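This report goes through one protein chain, from its overall dimensions down to single residues. The sequence and the model come first.

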Amino acid sequence: MPHLVHDDGTVSDLTSLEDGEFMVAGSAPSCDIRIEGDGVARKHCRFLNVRGIYFVHAFSPKHPVAINGEDIETRDHVLENNASIRIGARSMSFRDSVPGGTDSPASAAEQVKAAGQDAKEQVKRKIHDILLERMDLKSIGASSRSDEEMKRRAKTVIKAIIDELEPEFKGIATKEELYKETVDEALGLGPLEDLIADDTITEIMCNGPKKVFVERKGLLSLTDKTFMDEAQLLHVIEKIVGPLGRRVDESSPLVDARLPDGSRVNAVIHPIALEGPTLNIRKFSKTPYTIKDIIGFGSMSERMARCMALAVEQRQNIVISGGTGSGKTTLLNVVSSFIPASERIVTIEDSAELKLEQDHVVRLEARPPNIEGRGEISIRDLVRNALRMRPDRIVVGECRGGETLDMLQAMNTGHDGSLTTVHANSPQDVIARLETMVLMSGMDLPIRAIVEQIVAAIHLVCHQSRFSDGSRKIVNISEVMGLDGNDVKLRDIFVFRQTGLDANGKVLGSFEATGEVPRFAERLRDRGIAVDMNIFKKGAC
């Protein structure tokens, strides 16, 4: 059993220490292990248990601890069986009768790191517990005083607590570090605050409390951020969905929401999530991307951009398609910027993400049912209502169900120039997906009638893909030509042809015009309106 044998023959038992707990040793009467003698500080060091491994930590370099004759720095040091310890003028030895092999240097280093992290989390938990005793954090947002005043008061209280506990965390973390992390956890979204503030990150994925992944430039990586436990992650989820009137519990374990900055949030908890709560945050640029940004990213060529601008100006109905995370919403936002400022635009979304720069924009957002299961307003309800709002353009964030029929009918009844996105793997798959989603409306329509509606309504399909190197590119701009028997005929105007990968795994290839001229451009030319046909000249563009 782990214990300390002092030079006067007394024994200090360490078996009562649970994982992550510690005992403070020093001359002060309040110490867990009281040691009197020359050179012994009031709070000299602590003994810590991490997963059955014991450590000693000196609080200050002015009052060191010697292990086997060597002074240790102010950090957690692994105690091996029979290690001799000197604290001031007093000596003792550590005895651990639990069998076990000697750890390798690498393993010991990992243990020290893990111990330091666990000790830090324990101190943060203690600060948080004291904070809850001194003020009601739930009053933030509900008090008669402003949120900002309450937050300032909370920060003052946190700073005072950290000052009081400083002897306990010396060498574990700096005061500034503890202050920032405690403020983030008490008033913000905890370990996610830094990730949300990082503009290079486009998505945050929490697979339980201990695995937080991020996406940068289309590639995923594991971060060093963790939550203390599942309860903290659940608390963060509730902080996000609570102010929006949403709930997440065992009876309703799935929830969609958004942050104040427009970032899209999805959370899944027990019993659906088997390995702990999962949280996904899809971030969006604080400053909306422009067409120049998209060209600069290599997502499309300048000639393709000019084609899309011309199509929007000429009120072509456009479907933007692609897989999950391919950049459909970003592209929809950029393409919508080509809509003339004089037109009235109605946007309809499941979770508001579009940021159109025009002045005359009406933004509508679907609403899920409340706790009693009432009050739901679906995308389909909003599409129908939008038709009564005298829109020049209707922009639907994503068609995924029965609202597709209403969208097609709107496009066919004088609302040309409308835009939407669809999940699909290719332009041809878009047609099949639209057919399926129309059937989800509950209307008993023959397939031929549905296909004819699609052909009459959709003019262009713009398909975007995400490649293995994380890049996103428009791989097809295709025109809907009509019916070939029972099949919808598509004609590529622009394509991206991949030629390989370079030594760093970066996708190689080029954007090419097929030489086909879309019918809307030909109609403009036939009416004597000047159109630069070089946009569509065959070859690399």
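## Overall form and selected sites

Among contacts between residues at least 6 apart in sequence, 52% join residues that are at least 24 apart in the protein chain. The model is a predicted one. Its protein chain holds 14 helices and 27 strands.

**Dimensions and surface**

The radius of gyration of the protein chain is 31 Å, whereas a compact globule of 541 residues would have one near 24 Å. Along the principal axes, the C-alpha atoms fill a box of roughly 105 × 60 × 40 Å. Of the 541 residues, 48% are buried. The chain exposes about 26,500 Å², and carbon and sulfur atoms supply 49% of that area. Charged side chains number 70 positive and 82 negative. The centres of these two sets lie 5 Å apart.

**Domains**

The domain assignment gives domain 1 as residues 3-95, domain 2 as 146-282 and domain 3 as 291-535. How far apart do the C-alpha centres of domain 2 and domain 3 lie? The separation of these centres is 35 Å. Contact between the two domains involves 12 residues of domain 2 and 16 residues of domain 3.

**Helices H9 and H13**

Helix H9 spans residues 328-336, and eight of its nine residues are buried, so the helix is largely enclosed by the rest of the structure. The buried residues are Lys328, Thr329, Leu331, Leu332, Asn333, Val334, Val335 and Ser336. Lys328 is thus listed among the buried residues of H9 along with Leu331 and Leu332.

Helix H13 covers residues 447-457. Its buried residues are Ile450, Val451, Ile454, Val455 and Ala457. What covers the buried residues of H13? The cover includes two helices, H11 (403-411) and H12 (427-439). It also includes two strands, S24 (472-484) and S25 (487-501). As background to such a pattern, an α-helix has 3.6 residues a turn, so residues three or four places apart point the same way.

Helix H12 is also where Asp429 is placed. Asp429 has 33% relative accessibility and counts as partly exposed. Its C-alpha atom is separated by 9.2 Å from that of Ser321, although the two residues are 108 apart along the chain.

**Two buried residues**

Ala366 sits in the loop that runs between strand S20 (361-365) and helix H10 (379-386). Is Ala366 buried or exposed? Its relative accessible area is 8%; because the cut-off for buried is under 20%, Ala366 counts as buried. Leaving aside neighbours within four places in sequence, Ala366 is in contact with Glu349, Asp350, Ile377, Ser378, Ile379 and Leu382. One of these, Glu349, is 17 residues away along the chain, and its C-alpha atom is 6.3 Å from that of Ala366.

Arg46 belongs to strand S5, which spans residues 45-50. The relative accessible area of Arg46 is 0%, and the residue is buried. Computed along the sequence, Ile33 is 13 residues from Arg46, and the C-alpha to C-alpha distance between them is 8.8 Å.

**Backbone features in loops**

Three loop residues carry backbone features worth listing. The peptide bond from His270 to Pro271 is cis, with omega near 10°. Pro271 is in the loop between strand S16 (264-268) and strand S17 (278-282). The other two residues, Asn82 and Arg315, have a positive phi without being glycine.

| Residue | Phi | Loop between | Relative accessibility |
|---|---|---|---|
| Asn82 | near 75° | strand S9 (76-78) and strand S10 (84-87) | 51%, exposed |
| Arg315 | near 60° | helix H8 (302-313) and strand S18 (318-322) | 25%, partly exposed |

Asn82 therefore counts as exposed at 51% relative accessibility, while Arg315 counts as partly exposed at 25%.

Methods
Residues numbered from 1 in each chain as written. Predicted model: local features only at pLDDT ≥ 70, side-chain atom pairs only at ≥ 80, totals over all residues. Heavy atoms only, no water. Helix = DSSP H or I, 4+ residues; strand = E, 2+ residues; numbered from the N terminus. Rg over C-alpha atoms; globule rule 2.2 N^0.38 Å. Buried < 20%, exposed > 50% of the residue type's maximum accessible area, 1.4 Å probe, protein only. Contact = heavy atoms within 4.5 Å. Areas by Shrake-Rupley, 256 points an atom, 1.4 Å probe, with all protein chains shown as cover. Lys, Arg positive; Asp, Glu negative; His and termini not counted. Charge placed at Lys NZ, Arg CZ, Asp CG, Glu CD. Domains from an automatic or database assignment.
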